[in-house]
Amino acid sequence: MGIDVGTSSTKALLVTLDGEIVAQAMRDHTVDRPGRGLVEMDGDVWWAECCALVPELLAAEPTAEIVSVGVSGMGPCVLLSGDDGRPLRPAVLYGVDTRAADLIDEITESLGGVDAMRARTGSALSTQAAGLKLAWLARHEPEIWARASRFTMPSSRLVELLTDEYVLDHHSASHCTPLYDVHRRAWIDEWVERLAPGLEMPRLAWSGDRAGVVTERAAAATGLPAGIPVTVGAIDAFAEGLSVGLDDPERMFLQYGTTMFMLVPLAEPRPVPGLWTTVGDGPGRFSAAGGLATAGAITDWLRQLTGADWTDILDEAADSGVGARGLLVLPYFAGERTPLGDPEARGVIAGLTVRHTRGDIYRAVLEATAFAVRHHVEVLAEAGIPVRSLVGAGGGVLSHLWPQIVSDVCGLPQVVPWVSVGASFGSALLAAGLVTEVDIDLWNPPAIVLTPDESARAAYDEAYRDYRRLYPDTLEVVHRLAARG
């Protein structure tokens, strides 16, 4: 069984030991935005949805023998809990929550500067960093902090409730900048005590390791068999990357979801300005990673705003054609994570006329995310990390329009695997690894390879140059607007 707590929904599925999906279930949920730059979620929802989805899967496949469970979830997030294990406040979500941006320069300077921080953690501070969010909570919510004993992310929260084990995977920990040393693969105790004083840090293990077994209490709550093993877990995008294979150092993984996450395997930790350096799925494995603050979130916002259904608006976007009839979008509808690191960035739609349709705007949004991917590819190339192909997964690849646009803009071929349901499948793969040998090439072979349309290249090259200019040209005005919002 694989369970994944995403930004927009929790998904669960049953997979045979040779990779066949036999049952799936899902619960939609929403995040809360209680104020400017604040994005939160009730952490109790994660367990409640797990307890609802497991019986649904078991009812759908009543003869199935569940032998292991894998979990993943959005991240890096911060959920504080007290000695009784109950959440003390809503969880603070990953880089889309920008509340701690004002602490970045102060904390960086206090720890010796950005170079010193990158030398130990692999990354500079950004709104993505869970360690920064912990520091913000310690400073701004002292009464809650005084009662806090532990912090979890969606995956580690499920692990704790399933197994009574307080454990976090190394990849998630490497997003806890500046609290984790990517070289020693350990917490930096003196920085933990400085920024998160008194907090018990979880033990560390690899995503595919066994965290523990389902307890009698968890079995009663979920219907799972007591005593079966549970994985340590993973951030959803990383689990999704594992579901398509992360062994080609010149291939970038793209997660087409509410946000977009990008991952390129590395043999050693190599800091890349503007991106994150993270630990991979085992010793000696690392990644250069990046993420857009919004991707599918914009397309769903536009669909709901216009009252369209997915089929119609996708057809209209396809008909719009290359360049969206002269529209250009900056997709920074919730600030931007990498490589800009600008929480005050905002969305811009340039070139609008009364002739434009919702299909044109939708197409322009898809192209904008593709331009953002190309920006990441260029940043990696400048750091000596070439990207020669792409592999995509997630809800956004169910229609080939979006990944085809990304391939056309980047001029790179893109593999779309047979199974693209994402992180829950990756979590199930990790769970299977607890009880048998797993071959990802057999579990999830390529379904199609999208090749770039060379006839679109010249138009996209010109539009990309305008895209890169539009951000600095509008920066001053946009920041003033953000201050008023």
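Start with the largest cavity, which has a volume of about 50 Å³. This is a predicted model, and 3 cavities of 30 Å³ or more turn up in it.

**Stop 1: the cavity lining**

Select Ser123, Ala124, Ser126, Gln128, Ala129, Ser174, His175, Thr177 and Trp276, and you have the lining of the largest cavity. Colour them by type: 3 are nonpolar, 6 are polar and none is charged. Keep Trp276 on screen, as the tour returns to Trp276 in strand E20's neighbourhood, where Ala289 is its bridge partner.

**Stop 2: helix H3**

Next, select residues 114–121, helix H3. Which residues of H3 are buried? They are Met117, Arg118 and Thr121. Look down the axis and you'll find these three on the same side of H3, because they span an arc of only 100°. Now bring in what they pack against: helix H2 (104–110), strand E11 (180–181), helix H8 (189–195) and strand E19 (276–279). Before leaving, step on to Gly122, which follows H3 and has a positive phi, near 85°.

**Stop 3: strand E20 and its partners**

Select residues 286–292 for strand E20. How many of its residues are buried? The count is 7 of 7. Show the residues as sticks and check which way they point. Phe286, Ala288, Gly290 and Leu292 go one way, while Ser287, Ala289 and Gly291 go the other, and all of them are buried. That fits the usual pattern, because side chains in a regular strand alternate between the two faces of the sheet.

Then add the partners:

- Strand E18, residues 260–266, runs antiparallel to E20 and is joined to E20 by 7 bridges. To find one of the pairs, select Met260 and its bridge partner Leu292.
- Strand E19 is also antiparallel to E20, with 4 bridges between them. Here the pair to pick out is Trp276 with Ala289.

Follow the chain from E19 into E20 and you trace a hairpin with 6 residues between the strands. Stop at Gly284 in that turn, where phi is positive at about 80°.

**Stop 4: a small open sheet**

Now display E4, E5 and E8, 3 strands that make an open, antiparallel sheet in that order. Strand E4 (32–35) and strand E8 (91–92) are at the edges with a single partner strand each, so one side of each has no neighbour in the sheet. Zoom in on strand E5 (residues 38–41), which pairs with E8 in the antiparallel sense over 2 bridges. Put Met41 and Ala91 on screen together: Met41 stands opposite Ala91 in E8.

**Stop 5: Ser149, Phe151 and Ser155**

Select Ser149 in the loop between helix H5 (142–147) and strand E9. Buried or exposed? Ser149 counts as buried, at 13% relative accessibility, because the cut-off for buried is under 20%. Setting aside residues up to four places away in sequence, Ser149 touches Ser81, Gly82, Asp83, Leu199 and Glu200.

Move along to Phe151 in strand E9 (residues 150–152). Phe151 is buried too, at 1% relative accessibility. With residues up to four places away in sequence left out, its contacts are Cys77, Leu79, Leu80, Leu134, Tyr166, Leu168, Cys176, Leu199, Met201 and Pro202. For a sense of scale, draw a C-alpha to C-alpha distance from Phe151 to Leu58: the two are 93 residues apart in sequence and 31 Å apart in space.

Carry on to Ser155, which belongs to helix H6 (residues 154–163). Ser155 is buried, with a relative accessible area of 1%. Which residues is Ser155 in contact with, neighbours within four places in sequence aside? Select Val71, Ser72, Gly73, Asp169, Gly233 and Ala234.

**Stop 6: helix H12**

Finish with residues 310–320, helix H12, where Ile313, Ala317 and Ser320 are buried. An arc of only 55° around the axis covers these residues, so they lie on the same side of H12. Turn to the face away from that buried side and you meet the exposed residues Thr311 and Asp319. Then flip back and switch on the partners of the buried residues: helix H11 (296–306), helix H13 (358–382) and helix H14 (401–410).

Conventions
Residues numbered from 1 in each chain as written. Predicted model: local features only at pLDDT ≥ 70, side-chain atom pairs only at ≥ 80, totals over all residues. Heavy atoms only, no water. Buried < 20%, exposed > 50% of the residue type's maximum accessible area, 1.4 Å probe, protein only. Arc of directions from axis to C-beta. Contact = heavy atoms within 4.5 Å. 1 Å grid on protein atoms, 1.4 Å probe; cavity = no way out; pocket = protein on both sides within 12 Å on 5 of 7 lines; lining within 4 Å. Points joined across faces, edges and corners; volume = space filled by probe spheres on them. Nonpolar A, V, L, I, M, F, W, Y, C, P; charged D, E, K, R; others polar. Pairing = 2+ DSSP bridges.
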